[in-house]
Amino acid sequence: MQFLPVFLNVRAQNCLVVGGGEVALRKAVLLDRAGARLRVVAPRVHSTLEALVVAGAGELRIREFRESDLDGVFLVVAATDDELVNAAVSEAAKSRGLPVNVVDKPSLCSFIVPSIVDRSPVVIAISSGGTSPILTRRIKEKIEILVPAAYGRLALMLGSFRSRVKGVIADGRGRARFWEHILSGPVPDKVFAGEEEDARRYIEQQLAVPEHQEVAGQVFLVGAGPGDPDLLTLKALRLMEEADVVLYDRLVSPEILQRVRPDAEKIHVGKERANHSVPQEQINEMLVRLAQEGKRVLRLKGGDPFIFGRGGEEIDRLAEAGIPFQVVPGITAASGCACYAGIPLTHRDCSQSVRFVTGHLRDESGELDWAELAKEQQTVVFYMGLVGLANICAQLMAHGAAPDMPMALVQQGTTDTQKVLTGTLETMPAMVAENEVKAPTIIIVGRVVGLQSRYAWFRKSALVQRDGMAG
Ligand SMILES: C[S@@+](CC[C@H](N)C(=O)[O-])C[C@H]1O[C@@H](n2cnc3c(N)ncnc32)[C@H](O)[C@@H]1O
């Protein structure tokens, strides 16, 4: 992050604007709206700016900038069209430790003024750190549509209940949950429709409901998808914003973790092949303990929690302990990686079914029905298959699969580092040995892989190699 977003209280503070033109006027209007006392210094001052200063009982100094203009000032804006003057103002302000903004010159600024969507008391600030004002404007337009003007009224009404709710629900987490309940109920719509009295009555009624006064813990087992944060479900995102504590796996990418509420406690519970940083039983017990402490616990797992995710074991322990839980599906690696690699998992010409199989085998032959997996007209997706890849290929061929059966290895699928290796059962072991392959990887076997050269759309250039395949 290049700049720390903060909201400054400038009410009744002297704020200096150096410059008297339209740009200075825009900044002065903003400062005035936030209650600042303006001091404007410039040899010539725009008549509207002059009127603004006079109306707010500010000061006009109709002359060039002098260092003494900084005396008693809280914040400085340089908005002249003279670069030398702007630089001098910036330097003088910085030497006094005063926050300074030079319009359109981020390198001279100690703070920048973001673009804002004003729904006072709700104010949304947007900044691109000076890189693209047009992009900032686009984002602002989207937010303007998304956040109706009535949000300000809603915020004021909720604010008027704050101390009352605090008096009834002593626990901070309980209060947060109460407000979430209120905001997901009819209150916002009532306020937007101008039915504030109804909304107030509803809040009063809900405050009297005993369950809202208790803090009961709950666990949400949530699938985070295969890596691309855009593949999170809306429900996953909402729960990530509401969690008190998050237990996450190695497969949950940093980009996804960034979307978790910043002040939620985040606990990495690992799980790499043969290196389970926290044993499963311990994870199960942690979930129970944290929920019993009254917390909203988010168990965030890569892909889908119920597909090779041991989700069943975790909720089994929760059910036993009587902890309420919910399970939220995620996009599983097979589906995410196949789509991003350009491999349809089924196809009416060559694959009428798809199987998800674990490649993490305790012994090399006995656990899977290889003869079934070797059949044509289907797609077989192996999770956790990299270590046993040579065995998978050998077993499939030994049980009747054609040596030229297409096969793909998708590495770090759906992420910016995705790579796809395509070959056949015969060629793939050597290809993997020759290429540097990074976990996680998924293996797709079937004639559908033959379509990949036509259908690849994501990071096309990241196709590492094709070997032994037609097309
Ligand atoms: C323990 S399993 C968890 C699967 C997860 N629950 C799901 O539904 O995707 C981990 C395996 O999923 C596969 N996997 C997960 N994310 C992946 C990705 N982004 N790219 C390739 N394979 C992935 C790999 O085979 C990895 O070894």
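## A tour of the cavities and the ligand site

The structure holds two cavities of 30 Å³ or more. This is a predicted model, in which local features need pLDDT of at least 70, side-chain atom pairs count only at pLDDT 80 or more, and totals for chains, interfaces and linings use all residues. Residues are numbered from 1 along each chain as its sequence is written, and side-chain values use heavy atoms, with hydrogens and water left out.

**Stop 1: the ligand.** Select the ligand and the 18 residues that surround it (a heavy atom within 4 Å). The closest are Asp304, Ile307, Thr332, Ala333 and Thr441. By class, this shell has eleven nonpolar, six polar and one charged residues (Ala, Val, Leu, Ile, Met, Phe, Trp, Tyr, Cys and Pro count as nonpolar, Asp, Glu, Lys and Arg as charged, the others, Gly among them, as polar).

**Stop 2: the two domains.** Colour domain 3 (218–331) and domain 4 (334–466); both give residues to the shell around the ligand, so the ligand lies between them. The bounds come from an automatic or database domain assignment.

**Stop 3: backbone atoms.** Show the backbone of Pro226, where a polar atom is 2.8 Å from a nitrogen atom of the ligand. At Ala333, a polar backbone atom is 2.8 Å from an oxygen atom of the ligand.

**Stop 4: the largest cavity.** Residues to select here include Leu373, Lys375, Met405 and Val445, which line the largest cavity (on a 1 Å grid over the protein atoms alone, points where a 1.4 Å probe fits but cannot get out; lining residues have an atom within 4 Å of a point). About 60 Å³ of space lies in this cavity, a volume being the space filled by probe spheres set on the points, which are joined across faces, edges and corners.

Note on methods:
A polar contact is a pair of N or O atoms within 3.5 Å; within protein, one must be able to donate a hydrogen and the other to accept it, and residues adjacent in sequence count only if both atoms are side-chain atoms. On a 1 Å grid over the protein atoms alone, a cavity is a set of points where a 1.4 Å probe fits but cannot get out, and a pocket is an open set with protein on both sides within 12 Å along at least five of seven lines; lining residues have an atom within 4 Å of a point.
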